[in-house]
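Here is my notebook page for this one. I jotted down what I looked up, in the order I looked.

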Amino acid sequence: MENFLYQATIYLAAAVIAVPLSARLGLGSVLGYLAAGIVIGPVLGLVGAETEDLQHVAEFGVVMMLFLIGLELEPKALWDMRDRLIGLGGLQVGVSTLAVMAVAMIAGQPWSIALAVGLTLSLSSTAIVLQTLSEKGLMQTTGGRATFSVLLTQDIAVIPILAFLPLLAMQAMPHLTSDGSITLGGEDAHAETLSLVAGLPGWAVTLVTIGAVASVVLAGIYLTRPVFRYIHATNLREMYTALALVIVVGISFLMSLVGLSPALGSFLAGVVLANSEFRHEMESDLEPFKGLFLGLFFITVGAGINFNLFFRDPLDLIGLALLVILAKGIILYVVGRAFKLRGRDRWLFTLGLAQAGEFGFVLVAFSAQHNVIPPGLQQKLLMIIALTMLITPLLFIIFDLLSKNMRDHTPKQEPDKIDEEGPIIIAGIGRFGQIVNRLVQASGFKTVVLDTDMETIQLMRRFGYKGFLGDPTRPELLKAAGLAKAKVLVAAMDDAAEVTKLVAYARRQRPELHIVARAYDRTHVYELYQAGASDIVREMFDGSLRAGRYVLENVGLSEFEAAGAEQTFYHHDRGSLRELAALWKPGVPASENPEYIERSNKLQRDLETALVELAEEHAKKSA
């Protein structure tokens with residue numbers, strides 16, 4: 001027991017220290033887990049022989065991950081993306097696999113091992129790439145969307161790869177015996193394992209396997225809802241978690257009994273349940289377990305890396321890692337060109353996906369377990385995959401350098417030709433702007449609406465409201481919309497910086513123009529005040545005030561008293577903002593502005609006094 005607690009403390013402490021540090025450095029959680037394993041294993045020697053046994057338990061995180069991936073992949077959504085998934089993603093995986101396989105065969109590996117290596121190295125790092133794309137704001141570019149499509153294809157491709165790899169182990173290939181039954185390997189292959197197909201004739205193995213898969217599908221369609229309702233009736237939160245675990249563990253066990261991959265079965269179950277109303281419940285229940293088990297898996301991979309192999313020939317391993325990146329990069333560049341990616345988009349697609357990925361660790365461990373890849377090559381592949389992932393941040397730095405003098409080719413809609421002018425210009429027609437527009441038009445006044453979102457403009461037109469596509473901050477569009485003659489400008493865009501830019505420009509052009517501006521928060525109010533806005537509306541302020549009034553009405557105040565408190569707060573806050581705006585200094589945090597803090601505290605005391613006096617006044621009237 002003490003040894004177990006010691007090992008658990010070591011693994012958890014290593015993860016808690018290394019993973020947040022890796023995330024802060026922008027390297028992602030996967031590299032953090034690998035680094036943690038390397039430190040407690042090869043570097044400090046705190047863990048040892050138990051790592052391999054623990055890895056078998058940790059592989060259950062892979063099963064959970066594939067179940068959750070299945071939950072996210074609704075069949076209809078997959079069908080809508082079929083062109084990019086099959087074309088762009090399928091071509092990348094297929095060509096990369098064949099290229100790496102050819103190199104491995106030239107190096108003297110048998111075709112079966114070479115194919116396993118090709119399949120393993122064809123995959124890229126979903127965790128690192130998606131995180132980097134999000135951090136750099138590249139997800140919505142054409143290159144970012146193409147990269148995401150390939151990553152999704154690779155995630156899906158893991159399932160058939162896991163099912164296919166055991167067939168490459170020649171000594172474990174299924175074959176017919178003299179009595180017509182099917183066996184996997186030697187006579188004692190099933191001596192110590194449970195199996196529903198051991199010793200059965202070939203036709204019976206096929207029927208049992210199909211029956212197991214069909215039972216998973218039918219149970220997901222017909223059995224899930226009544227079972228979840230039964231669990232719901234207990235009002236015990238932990239039972240949902242237990243049920244989610246039973247689904248994944250039970251399906252994995254059933255697949256093992258018929259000789260299929262547990263990962264394949266769990267993925268299939270996830271896809272079947274993707275349209276279930278209990279999908280989000282299962283996701284939230286399993287996500288922590290998946291994260292911990294998968295993190296433990298990557299730690300054990302790091303702890304099991306043979307650094308003696310690296311130090312014996314570091315140049316060879318680094319050279320092989322760079323060769324993998326170069327080969328995949330060339331293939332990605334050609335595939336991107338074939339699919340008409342250009343400029344920054346093509347380089348993002350090429351450099352972003354050139355590394356091997358975390359699924360490579362899973363496939364290497366799985367291949368070794370099924371005798372597809374020999375132990376010596378297994379260690380070498382693990383080191384190559386880890387090195388390519390460590391090089392990935394450098395690839396994105398290269399992309400930044402290359403893209404400085406390039407432009408992305410994300411299709412942009414040409415702005416509409418504005419052929420109308422009006423006394424009221426509304427810039428931005430999202431949730432905020434559309435309410436303003438509907439009220440003003442319903443009151444009989446003409447508006448000119450500008451927005452950069454084509455879908456929003458088209459939606460407006462379907463409901464009978466005319467709008468123009470274009471950037472409201474562009475002077476020529478404002479001029480065409482009638483800025484020179486307009487009476488009111490409403491700056492209602494989502495981007496706070498764009499709102500401030502528009503207000504400042506309009507005020508310079510028309511000092512007498514009345515400008516109503518949407519503010520994100522108090523700091524934005526001060527910026528708009530200095531930019532010259534006439535009326536500033538905080539987007540959440542009025543709704544929050546109304547919610548506060550409802551609270552007061554339900555804790556003892558009458559509707560009249562609650563409305564009075566609301567109005568007192570409203571007028572005091574507006575006056576306070578005007579005073580504090582004069583003391584606010586751009587670029588200086590409010591917490592470091594003594595004059596601002598002193599005046600803010602004084603105004604808060606004044607508000608409390610005003611509300612107390614109001615309450616006393618109401619009490620006297622009701623006495």
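**Entry 1: a helix pair**

I began with how helix 15 passes helix 18, and the crossing is right-handed. I am working from a predicted model here. Helix 15 covers residues 314-338 and helix 18 covers residues 375-403; they pack at an angle of about 60 degrees, and their axes are 9 Å apart. That angle makes helix 15 oblique to helix 18, because roughly perpendicular begins at 65 degrees.

Next I asked myself which residues of helix 15 meet helix 18. I found Asp316, Leu317, Ile318, Leu320, Ala321, Leu322, Val324 and Ile325 on the helix 15 side. Across from them, helix 18 offers Lys380, Met383, Ile384, Leu387, Thr388, Ile391 and Leu395. I sorted the residues of this contact by type and got 12 nonpolar, one polar and two charged. The charged ones are Asp316 and Lys380, and the polar one is Thr388.

**Entry 2: the sheet**

I then turned to the strands and traced an open sheet of six, in the order 5-4-3-6-7-8, with parallel pairing. Which strands stand at the edges? They are strand 5 (468-469) and strand 8 (535-538); each has a single partner strand, so one side of each has no neighbour in the sheet.

Further in, I checked strand 6 (residues 488-491) against strand 7 (residues 514-519) and noted that four bridges join these parallel strands. For Val488, I wrote down His514 of strand 7 as the bridge partner.

Helix 22 (residues 496-509) packs on this sheet, where it touches strand 3 (424-427), strand 6 and strand 7. I noted about 170 degrees between the direction of helix 22 and that of strand 7. Helix 23 (residues 522-531) lies across strand 7 and strand 8, and I have it running at about 160 degrees to strand 7.

**Entry 3: one loop residue**

I also looked up Arg474, which sits in the loop between strand 5 and helix 21 (475-480). Is Arg474 buried, exposed or partly exposed? Its relative accessibility is 32%, so I logged Arg474 as partly exposed. I also paired Arg474 with Leu502: they are 28 residues apart in sequence, and their C-alpha atoms are 8.6 Å apart in space.

**Entry 4: the whole protein**

Last, I stepped back for the totals. I counted 26 helices and eight strands in the protein. Of its 623 residues, 44% count as buried. Among contacts between residues at least 6 apart in sequence, I found that 70% join residues at least 24 apart.

Terms used. Residues are numbered from 1 along each chain as its sequence is written. This is a predicted model: local features need pLDDT of at least 70, side-chain atom pairs count only at pLDDT 80 or more; totals for chains, interfaces and linings use all residues. Side-chain values use heavy atoms; hydrogens and water are left out. Two strands pair if DSSP finds at least two bridges between them. Helices (H or I, at least four residues) and strands (E, at least two) are DSSP runs, numbered from the N terminus. Contact means heavy atoms within 4.5 Å. Axes are lines fitted to C-alpha atoms, for helices over the stretch in contact, and angles run from 0 to 180 degrees between N-to-C directions. Angles under 35 degrees count as roughly parallel, over 145 as roughly antiparallel, 65 to 115 as roughly perpendicular and the rest as oblique. A crossing is left-handed if the near helix is turned anticlockwise from the far one by less than a right angle, and right-handed if clockwise. Buried means under 20% relative accessible area, exposed over 50%, partly exposed in between (1.4 Å probe, protein chains only).
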